[in-house]
Amino acid sequence: MLEISFEDLAISVLAFSMLILGVLLIGRNSTERQVRRRSLRSIITCDVCGHLFKDSSADKVVDCPECGRANQRGRDKSLG
Ligand SMILES: [Zn+2]
């Protein structure tokens with residue numbers, strides 16, 4: 001029969017618990033990051049007047065409600 005000392009058993013249980021806790025924390029952090037990124041995606045700052053507004057549509061280009069200028073959602077990757 002397999003013989004394990006009490007110390008080895010305690011260390012194994014502790015190590016396994018820490019591993020489970022680490023996996024759960026990593027999963028939770030990535031879920032929080034996704035939720036935060038999704039909510040920040042709906043907040044847009046106008047490039048001209050600096051007005052902050054919320055738009056939950058999926059459109060790539062959104063018109064500012066203050067000045068009416070079309071703003072690109074997210075970071076502008078165009079050159080120039
Ligand atoms: Zn504007």
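A residue counts as buried if 20 or more other C-beta atoms lie within 10 Å of its own, exposed if 12 or fewer, and partly exposed in between, with C-beta atoms placed from the backbone. Keep that scale at hand for the tour. The model is predicted: local features need pLDDT of at least 70, side-chain atom pairs count only at pLDDT 80 or more, and totals for chains, interfaces and linings use all residues. Residues are numbered from 1 along each chain as its sequence is written.

**Stop 1: the helix.** Select residues 6-41. This is helix H1, with 36 residues. Helices (H or I, at least four residues) and strands (E, at least two) are DSSP runs, numbered from the N terminus. The end C-alpha atoms of H1 are 53 Å apart, which agrees with the 52 Å expected at 1.5 Å a residue; that expected span is 1.5 Å times one less than the number of residues. The count of buried residues in H1 is zero.

**Stop 2: the annotated span.** Narrow the selection to residues 6-27, listed by UniProt as "transmembrane region" in an unreviewed entry. Such annotations may be inferred rather than shown by experiment. The span is 100% helix and 0% strand, and its end C-alpha atoms lie 32 Å apart.

**Stop 3: serine 42.** Move to the loop between H1 and strand S1 (43-45), where serine 42 sits. Serine 42 is partly exposed because 14 other C-beta atoms lie within 10 Å. Beyond its neighbours within four places in sequence, serine 42 is in contact (C-beta atoms, placed from the backbone, within 7 Å) with Lys54, Asp55 and Ser56. Now add serine 5: its C-alpha atom is 57 Å from that of serine 42, at 37 residues along the chain.

**Stop 4: the domains.** Colour domain 1 (1-41) and domain 2 (43-80). These bounds come from an automatic or database domain assignment. Taken over C-alpha atoms, the two centres are 40 Å apart.

Terms used:
Contact = placed C-beta atoms within 7 Å.
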